[in-house]
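Reader: Please take me closely through one sheet of this model, strand by strand. After that, I would like to read about its surroundings, at whatever length you need.

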Amino acid sequence: MTARVIIIGAGFGGIAAAIELKRGGHDAVLLLEKGDEVGGVWRDNTYPGAACDVPSPFYSYSFEPHPGWPRRYAGQPQILDYLIKVTDKYDVRRHVRFGAEVVACSWDDASRKWTVRLASGDELECDVLIPALGQLSRPSYPQINGRETFSGPAFHSARWDHDVNLDGKKVAVIGTGASAIQFVPAIQPLVASLTIFQRTPPYIVPRWDAEYGPRHQTLFRRVPQVQAGERLGWFAYLEVATTAFVYSSLLARAFTALARRHTRRQTAAVPGLFEKVWPDYPVGCKRALLSDTYLPALTQRNVQLVTDPIDHIGASGIRTAEGWHEADVIIYGTGFAATDFLVPMDVTGRDGLSLEKAWAEGAHAYFGLTVPGFPNLLIMYGPNTNTGGGSIVYFLETQARYIRAYVDQVASAGSALDLKPEVDAAFDAEIQRRLDDSVWTRCSSWYRAASGRITANWPGLSAEYRRRARFRPDDYLAI
Ligand code: NAP
């Protein structure tokens with residue numbers, strides 16, 4: 001039979017799945033995208049200084065190396081441009097329906113099909129459903145009293161308001177995660193004053209960025225093995241970094257020492273600053289950040305780092321336990337609703353089972369992809385497939401290959417597949433046992449749900465995920 005496939009979301013994951021399916025001869029693929037261009041987070045995050053923090057030769061598809069990266073850590077415009085070009089080159093665009101926001105999906109056992117309902121009221125049917133929404137697509141705004149009373153402009157870093165002119169303004173920034181440490185140094189020279197509200201400091205290590213000039217790019221173009229070698233080198237380096245976080249206290253100590261030296265040096269100009277920005281939790285528990293410019297920005301005269309807790313927001317500023325801070329503009333660098341996964345879509349599987357109910361204790365899925373009771377549903381970048389140190393694109397490609405093999409099976413057997421509950425239970429027990437011992441239990445972060453369960457991260461190395469996440473028909477019941 002021809003398997004009709006709907007993919008929700010045209011970011012790195014959805015595009016990878018579409019390309020892989022088309023390669024496998026599955027052309028009845030429809031991508032539903034609520035925006036008006038592909039790119040996912042790389043379309044939405046346009047804040048000043050937005051760039052990747054995984055080296056671009058490795059933060060790109062293995063089947064589409066890009067010799068033209070302008071630097072080791074490409075910026076958001078270049079990454080978006082890359083995704084647009086890949087979409088067109090692999091003829092994916094004709095499969096995309098833009099402006100299509102999915103609100104609900106439900107499985108029908110009798111027809112063995114998914115019905116996908118759009119915000120417009122349209123309903124579409126498919127055999128296989130692939131949500132590819134990512135873990136970091138829904139901005140999270142802090143629950144701070146009085147947030148709505150602020151009278152000036154206020155926006156989230158992932159929805160940057162480019163109409164707000166920051167020149168000469170008093171700007172308040174809440175949050176010091178991966179996004180904030182990129183836009184803070186970019187806006188610091190423009191503004192009259194920058195007040196940064198830090199709840200928990202991140203570990204910061206050198207970025208070791210490098211320009212890829214014309215000679216470098218020509219070499220990558222003429223001798224693709226050189227770029228492939230660089231990709232392999234970064235893969236190995238990031239596996240070592242993950243090993244430091246996951247397995248080795250010796251490597252973790254070395255990583256901590258690197259961060260301490262960098263932080264000491266970069267804060268030396270301001271007495272007391274090191275003590276304010278040095279973390280008190282083990283390295284790797286929150287994502288370690290790469291920056292050569294954030295800490296120097298904190299030493300500038302127009303910057304104040306506030307570490308006492310925020311009490312409330314008022315019409316003209318922010319009140320902390322120890323003082324009042326005037327602001328013309330507030331920028332929320334407060335991250336994403338990462339543990340919600342498919343929310344706010346309403347997903348209903350067999351016998352009316354809702355995914356929300358199935359995941360009441362925290363989201364989990366077999367290799368992040370499949371859930372018993374939800375036949376022919378494959379989630380990209382699902383639970384426990386984030387990497388503490390590696391490239392998510394590598395995980396997404398692994399998932400795309402899994403999906404292709406799965407759809408091959410559905411098409412050839414003409415049946416739907418439902419994950420065996422015992423396979424799910426054994427896998428989940430293993431993952432949770434490993435995560436229970438992990439560094440990620442030792443602080444709070446977007447890796448953990450409110451229940452404390454770690455729902456974001458894969459507990460091992462990327463290579464282990466690639467080796468193990470292979471479709472096996474025996475894991476499923478044909479229905
Ligand atoms: P994040 O790492 O979750 O950081 C959010 C920040 O906001 C944290 O400092 C957090 O403090 C603070 N915060 C949240 N609620 C708060 C509140 N009520 N009061 C005060 N502070 C509050 O979010 P993100 O920086 O957007 O990054 C999320 C992930 O996106 C990253 O880990 C990374 O995987 C990805 N990312 C990647 C790049 C890149 O490739 N360059 C760039 C941006 C983002 P606590 O730590 O105390 O919670």
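Author: A definition has to come first: strands are DSSP runs of E with at least two residues, numbered from the N terminus, and two of them count as paired if DSSP finds at least two bridges between them. The model is a predicted one, and what follows should be read in that light.

The sheet I would choose is an open one of four strands, in which the order is S6-S5-S4-S18 and the pairing is mixed. At its edges stand S6, made of residues 123-126, and S18, made of residues 346-348; each has a single partner strand, and therefore one side of each is left without a neighbour in the sheet. Averaged over the sheet, neighbouring strands are turned by 15° against each other, if direction is ignored. Strands of a sheet pair through backbone hydrogen bonds, and they may do so in a parallel or an antiparallel sense.

Within this sheet, S4, which covers residues 102-108, runs antiparallel to S5, residues 113-118, and six bridges join the two. One of the matched positions is alanine 104, whose bridge partner in S5 is arginine 117, and another is aspartate 108, which stands opposite lysine 113 of S5. The two strands form a hairpin with four residues between them, and in that turn arginine 112 takes a positive phi of about 55°. S4 also pairs with S18, here in the parallel sense and over three bridges; across this pairing, cysteine 105 of S4 faces valine 347 of S18. In a regular strand, the side chains alternate between the two faces of the sheet.

The approach to S18 has a feature of its own. Proline 344 is found in the loop that leads from strand S17, residues 329-332, to S18, and the peptide bond that joins valine 343 to this proline is cis, with omega near 5°.

A second open sheet can be set beside the one just described. It also has four strands, in the order S3-S2-S1-S7, and its pairing is parallel. Its edges are formed by S3, residues 96-98, and by S7; each of these has a single partner strand, so one side of each lacks a neighbour in the sheet. The average turn between neighbouring strands in this sheet is 20°, again with direction ignored. S2, which spans residues 29-33, pairs with S3 in the parallel sense over three bridges, and in this pair glutamate 33 stands opposite phenylalanine 98 of S3.

The loops around these strands deserve a careful look as well. Between helix H3, residues 76-89, and S3 there is a loop that holds aspartate 91; this residue has a positive phi of about 55° although it is not a glycine. Its relative accessible area is 35%, and aspartate 91 is therefore classed as partly exposed. Asparagine 384, which is likewise not a glycine, has a positive phi near 55° and sits in the loop between helix H10, residues 355-358, and helix H11, residues 392-413. With a relative accessible area of 4%, asparagine 384 is buried. After S7, residues 128-131, a loop runs to strand S8, residues 154-156, and serine 137 has its place there. Serine 137 is partly exposed, at a relative accessible area of 25%, and its C-alpha lies 23 Å from that of valine 29, which is 108 residues away in sequence.

The ligand completes the picture. Of the 22 residues around the ligand, those that come nearest are Ala51, Ala178, Ser179, Thr200 and Lys286, and by class this shell divides into nine nonpolar, nine polar and four charged residues. Several side chains place a polar atom by an oxygen atom of the ligand: for threonine 200 the distance is 2.4 Å, for aspartate 53 an N or O atom of the side chain is 2.9 Å away, and for tryptophan 446 the distance is 3.0 Å. On its own the ligand has 900 Å² of accessible area, of which the protein covers 84%.

How values were computed
Residues numbered from 1 in each chain as written. Predicted model: local features only at pLDDT ≥ 70, side-chain atom pairs only at ≥ 80, totals over all residues. Heavy atoms only, no water. Axes fitted to C-alpha atoms, helices over the stretch in contact; angles between N-to-C directions. Near = heavy atom within 4 Å. Polar contact = N/O pair within 3.5 Å; in protein donor to acceptor, adjacent residues only side chain to side chain. Areas by Shrake-Rupley, 256 points an atom, 1.4 Å probe, with all protein chains shown as cover. Nonpolar A, V, L, I, M, F, W, Y, C, P; charged D, E, K, R; others polar. Buried < 20%, exposed > 50% of the residue type's maximum accessible area, 1.4 Å probe, protein only.
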